[in-house]
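Got the model open? Let's walk through it together with a few questions and answers.

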Amino acid sequence: MTAWAKALAVVRRRSVWIPGAVAGVVVLSYLAAFLYVGGGVPRGTTVRGVDIGGMTPVSAEQELKDELGPAASKPIRVKVGDKTFSIKPKAADLVFDAKASVDAAGQRSGNPLRLGGQLGGQTVEPVVRYDEAKLDRAVAKIAKDFDRPVREGKVSYEGIDPVATMPRAGRVIDRAGAVDEITAAYPSKDPVTLPVKDEEPKTRPGAVREIAGEAARTAVAAPVRLTTGKNGDKTTLAVSRHDLAAHTEFVAGGKGTLEPKVHGAGLAKDLGHSLARLETEPVDATFELAGGKPKVVPSKPGEMVDRKELGDAIVGVLDKTDNRSVAAPVRKAKPKTSTSDAKKLGIDRKVGSFTTHHPCCEPRVTNIHRAAEILDGTLVKPGKTFSLNGTLGQRTTDKGFVPAPMILDGRHVDSVGGGVSQIATTTFNAMFFAGLKDVQHQPHSYYISRYPLGREATISWTQPDLRFQNDTETGILITTSYTSTSITVNMWGTKHYDIDATEPQKSNYRKPKTIRDDSPDCTPEYPSQGYDVTYSRVFKRNGQVIRTEPFRTVYLAAPRVICETDDDNKKKDDDKKKRD
């Protein structure tokens with residue numbers, strides 16, 4: 001073999017040995033790394049400073065529970081500025097999940113690339129579960145005690161004297177950032193510092209002082225005249241300096257300045273009835289009886305001062321010292337019930353009526369008539385519920401009611417508005433025969449012979465009340481009329497049913513008791529039996545019964561009240577002495 005051939009053979013043998021040697025080194029390194037990382041959780045793994053490297057998953061989970069569990073169950077201390085607060089984990093459903101944290105750490109990998117990454121150890125963040133909404137509320141509770149909203153500078157008034165409020169920086173907890181900080185630090189024994197945002201005011205102190213010195217005084221230096229009307233026929237209303245000052249302030253505007261603002265709604269409320277001089281109230285469509293039938297009285301539009309624009313209009317003259325006149329901003333005002341609305345209600349005939357009678361000329365008659373006057377013309381739209389108390393309001397002498405007897409706890413006593421139960425009974429029966437839905441009615445405790453047996457109602461302020469619903473698709477108009485001995489309530493609308501009432505049946509009779517009363521204001525009362533009364537309302541259409549509605553009334557037994565005077569008692573004592 002030549003020298004050249006020998007050299008070539010040596011090179012070939014070495015080229016085969018070198019890759020094999022390299023492969024061996026790699027295998028040995030992999031085995032060493034595999035053994036170093038260890039079984040279970042990779043060596044060098046820590047969770048919030050707790051070393052769980054080399055442990056089995058079960059052991060690692062228990063280790064985390066032992067080391068971090070106590071801190072996870074205790075209140076979380078949070079610092080905001082120089083204040084310290086605490087949040088209970090349960091308040092936010094905040095839980096440290098030890099098992100999920102171990103799972104996040106993983107186990108020794110057979111993949112050489114992943115195994116290499118595990119050689120240097122790893123830090124795993126604890127897995128935390130929480131209710132975001134609840135934690136946000138817990139932070140909000142802390143913010144309520146800590147936050148100080150930014151205060152813009154402004155100028156208001158005491159009387160007609162300007163009062164300056166200087167601007168002040170604010171501070172607020174960064175709510176989203178606070179949630180992130182708390183969940184990132186949990187569980188830990190160390191307090192969590194929550195992020196705070198500083199808020200700077202837009203206004204400058206110099207601008208506040210400048211406005212308070214001159215512009216604010218000019219703004220209320222003289223009254224402002226509001227005018228309305230055309231062709232020189234103007235109505236004028238003067239807004240006094242004090243009324244202006246009460247509803248004017250200079251508030252933050254653009255570029256750190258202050259701008260005047262007049263609160264038109266508040267000013268209009270204080271002007272009250274005076275403002276009505278500049279306005280025309282819209283008139284709702286109503287009904288009147290013509291030829292024995294309801295007729296629509298057309299509605300009328302109105303013109304009302306626009307409350308918001310009122311303030312803006314006055315602002316325009318606050319920098320003037322004279323000629324402070326403003327055309328009051330008015331807008332068209334639509335009636336709540338237009339003529340077309342009223343016509344669509346289908347009120348064209350009488351659908352229910354009832355009359356009750358009473359003795360003439362007693363004080364209670366005054367109350368019955370006054371209640372009838374208030375009730376007359378009431379409109380109950382489809383689906384709406386009528387309340388007699390809501391319509392009449394509290395019975396007072398200012399409204400024309402007078403003291404008269406009423407039944408209270410079974411005894412007759414004088415009360416302002418006594419006797420209006422007669423209007424309740426009459427209205428109930430008119431509603432009954434109109435076929436409307438009974439919502440609330442309460443019969444008297446004892447039967448009163450001038451009313452239909454069982455089919456009557458009482459009323460007092462504020463309860464009991466008489467209420468019914470217009471459960472039809474058409475409107476109901478209530479009208480009233482009266483004589484010196486009777487009261488009539490009519491209901492007008494669209495006829496849906498013919499209504500009958502069955503004969504009332506009595507049952508469960510009760511005997512009256514005797515009450516002896518020696519009080520100076522005692523009034524004798526005559527007894528009457530108590531019993532139950534049942535009857536039904538029958539709904540018919542075209543002569544056919546559609547349905548029936550049962551009613552039941554319970555009357556108590558009215559007691560015999562015997563008034564005992566001092567003479568009666570003395571006679572009893574003398575008789576007793578004679579017997580003794």
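Q: How many bridges join strand β15 to strand β16?
A: Strands here are DSSP runs of E of at least two residues, helices are runs of H or I of at least four, and both are numbered from the N terminus. Two strands pair if DSSP finds at least two bridges between them. β15 covers residues 248-252 and β16 covers 258-262, and the two run antiparallel. The number of bridges joining them is 5.

Q: Which residue in the turn between β15 and β16 has a positive phi?
A: First, a word on the source: this is a predicted model, where local features need pLDDT of at least 70, side-chain atom pairs count only at pLDDT 80 or more, and totals for chains, interfaces and linings use all residues. Residues are numbered from 1 along each chain as its sequence is written, and side-chain values use heavy atoms, with hydrogens and water left out. β15 and β16 form a hairpin with 5 residues between them. The one with a positive phi, of about 55°, is K255.

Q: Which strands stand at the edges of the open sheet β24-β28-β27?
A: This sheet has 3 strands with antiparallel pairing. An edge strand has a single partner strand, so one side of it is left without a neighbour in the sheet. That describes β24 (385-387) and β27 (437-440).

Q: What is the bridge partner of S387 in β28?
A: β24 and β28 (residues 467-469) run antiparallel and are joined by 3 bridges. For S387, the partner in β28 is R467.

Q: Which element gives the largest share of the largest nonpolar core?
A: A nonpolar core is a set of buried (under 20% relative accessible area, 1.4 Å probe, protein chains only) Ala, Val, Leu, Ile, Met, Phe, Trp, Tyr and Cys residues joined through side-chain atoms within 4.5 Å. The largest one has 37 residues, and L388, I423, F428, I478 and M491 have the most contacts inside it. Elements giving two or more residues include α12 (363-375), β29 (476-482) and α14 (421-434). The largest share, 8 residues, comes from α14.

Q: What volume does the largest cavity have?
A: On a 1 Å grid over the protein atoms alone, a cavity is a set of points where a 1.4 Å probe fits but cannot get out, and lining residues have an atom within 4 Å of a point. The structure holds 2 cavities of 30 Å³ or more. Of the 13 residues lining the largest, the closest to its centre are V351, A434, T472, T494 and H496. Counted as the space filled by probe spheres set on the points, which are joined across faces, edges and corners, its volume is about 90 Å³.

Definitions and conventions
Buried < 20%, exposed > 50% of the residue type's maximum accessible area, 1.4 Å probe, protein only. 1 Å grid on protein atoms, 1.4 Å probe; cavity = no way out; pocket = protein on both sides within 12 Å on 5 of 7 lines; lining within 4 Å.
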